[in-house]
Every structure is written in structure tokens, then in C-alpha cells.
Amino acid sequence: MTLDQIIHDESIRQAMFPCVKHQVCFAHAGVSPLSQAAVDAMQHWSQRAGEVGQWNDDTLGLMKQGRAAAAQLTNASPAEIALLGPTSLGLSLIANGIDWREGDQVIYYPDDYPANVYNWAALTQRGVTPVPIITEQPGVITWDILEPLITERTRLVALATCNYLSGYAINYNTIGARLHERGVLLCLDAIQTLGALPMDVEHVDFLSADSHKWMLGPCGAGIVYIARQHWETLRPTLLGAENIHSPNFIAQTDRQFVHGARRYEPGMLNLPGIAGMTASIEMLNQLGIEAIHARIAELRQYALAQLTQHGWRSCIDEADDALRGGILSVTRDDVDLADMEQTLRNAGIVALLRHDRAGTAYIRIAPHFYNSFDELDRAIVLMAGD
């Protein structure tokens, strides 16, 4: 199956994404509908679990398959992948597992999604100084903005690959490379790009992302990337029978962690969720993330151009050529946006209402590659208000 076949053959599109028969989903930056691949995989796992038990001959193979799919998606090694969700769990494991020293500094963005804020701000309890990033536009973070904040005490920079409101996608490759030149770690909340934009962790130390957004997978199934050079220094903070060698299920006084990122998985995993996530990631890998990103960018640019003609404006300056994720948040002063969100929903179109810290409301449109221009036109007609 190819991307072109999906978007040009309605019967295939409906078969692979049954949500399109019931609604227009522009909420992939929130909680996405499941792909049919995920639904089928979860149903198959559940049926087999009912017949032969939840731990069966296929279980270890499923986990291996999940790590391999996630590794391909991120250009990592399967051994560097822990199969854990939600995103906040992975970020918590990273924030709490570093051997912080009194006076260390962590740079973070206080207007990021809360899952990537609270863990870093709370490090004051461990003698760490959180250093906030201040931006003129939501999520527009560049190396020029970061560099003046870095000191000899900076230990880690925590960023989102793409801002959940503005859709601005950072240049994490450049940022990561320059941080590493200074001996500073980079941790990414990648939930708003994995499945929508290409990912390469060459200059990334840690990453966390749940599958329920652009990966089109279930809630509570996700991936955590831990670069292999940090396995012995990032302390596992959740301990159990699965990440510590326990021969014959007997607890040991000498705790030895299992190999690789599995040391951050303390117990039984969310197996049905992993089955669904793996199937969906494999579908995205097969279609090609570069092609998926190109299609999403085309849809986003079309929506922006059309809505701008009807008086809507983006929450950030769209004039530069910076990389964009799949998110477009727009506002219009003469429109009650809560009413507009409901108007869209009444028409079977799901686009979410979001606000910035100043209280400005936005309609957030987040189409995935399988959405159509006709679906965008349906929303645009309602938002035009002519």
C-alpha cells in the first residue's frame, strides 16, 4: 500500500482509517482516532490472550517487534528503546534518574505542554535551578535564543520537538550538536512530531513520546529513547522483577539491571497497547515519514492560505521558512472561538480550542496525511463566516 493509493482511493482510505466515515478529525495534536492497523493488532492480541493466555509464545516477539519499529522511526538502536508510555512517565524517569548536583541548571520552556514543564520545575527540590526560556512567539526556540542561557552549570536542556500550540518545530539537530560541544544533555518531548516528521536521535540523549497523537496508536503506549552511553549513569527510578536480574523470581541483594533501555521497564508492559502502537508505527514506516511529512505540510499550508483570506491569523509569524509540524492554530478577533469549535463539532469536524498564557483563544487544526483537501474545505467554509 502506498500513500498515494490511500489519499486517492476513498475505499482504501475508509478501510485504513474508519474514523473518516464518521467525522473529520483535525485533532491529531490531541488524541487521534486509531488506525485500523492498530485496531486489528489489538483485537488479534486480545483474542489470542483469551485463548492461550496473555504471556504466550508471541509475547517476546511482540516486544522485539515494537522496539524494532520504534528504532526505525527514530533512527535509534532497538536496544535504546523502552516501551513505556505516557510521555510524562518517560520524562519523569529521565528527570528523576539523573545524578543532579547542587547548583546544576536545567533549561526548560515554561509555556510548553505541562508534561514537559512540571518535571523540570520540580527539580528545585533537589538543588537544581530551572532556567526558563522566554520567547516572543509560542514555542519559537532557536539556538540564538538558547545560547545566552547556557552557563558552566547547565546540565540539561529540555525541549519539545514541536510546540503544541504554534506548530513550530525546533531544529533539534543543530541545537543538540551545539549542546554536546559544551557537554550539555538534550532531552526531547517528541509526541508532537513522531509519526508526522522525520526523526533522527544522533544528537539527542533522551526522548519520550506516547503513541496516541501522530503515531495513530493507543493511549498509554509509548516509547522512551535512552542513548546507550547513558545506560550506566541514568539511574532507573522504578524497580521491579523485569528490570533487575531475579533468577527463579527470587529477589537479590546485589541488584544488577538488565541490558539496554529495558532497565527502565520495571514490570509487565502494556502488551495490547504495544501491539496497536507497533502495527501503526510499522504502517507509518512503510508509507515513509518523508512522504507523510510532505503531505501534512501541504495540507497545513493550504489551510493557512485559505483561512488568512478570511481574516484568520496564525499565532506565530509564518513568513520565515522554519520547519513546521502538523499544527496550525488560528484566531480571529470578531469570532467567539468556543462557539466556532462547537459549530465545527456539530458539523462532524473535530478541531480543538486552545489558549496561550495571555488568554488568547485559538482554533487548532492538526490534519494528518490521510485527511483530504475536501475535508479542510468543509471547515474553511464554516470558519469563513461569509
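## Helix 5 and its surroundings

The buried residues of helix 5 are T87, G90, L91, S92, L93, I94, A95 and G97. This description rests on a predicted model. Because 8 of the 11 residues of helix 5 are buried, the helix is largely enclosed by the rest of the structure.

Several elements contribute to this enclosure. What covers the buried residues of helix 5 includes helix 6 (118-121) and three strands, namely strand 6 (185-189), strand 7 (206-210) and strand 8.

## The cis peptide bond ahead of helix 5

G85 and P86 are joined by a cis peptide bond, with omega at about 0 degrees. P86 lies in the loop between strand 2 (81-82) and helix 5 (87-97).

## Positive phi at N75

Although N75 is not a glycine, its phi is positive, at about 60 degrees. N75 is placed in the loop between helix 4 (59-74) and strand 2. Strand 2 thus borders two of the loops described here: the loop that holds N75 and the loop that holds P86.

## Positive phi at F249

F249 is a residue other than glycine with a positive phi, near 60 degrees. The position of F249 is in the loop between strand 8 (222-226) and helix 9 (271-287). Strand 8 is also among the elements that cover the buried residues of helix 5.

Is F249 buried or exposed? With a relative accessible area of 80%, F249 is exposed, because the cut-off for that class is over 50%.

Methods. Residues numbered from 1 in each chain as written. Predicted model: local features only at pLDDT ≥ 70, side-chain atom pairs only at ≥ 80, totals over all residues. Heavy atoms only, no water. Helix = DSSP H or I, 4+ residues; strand = E, 2+ residues; numbered from the N terminus. Buried < 20%, exposed > 50% of the residue type's maximum accessible area, 1.4 Å probe, protein only. Contact = heavy atoms within 4.5 Å.
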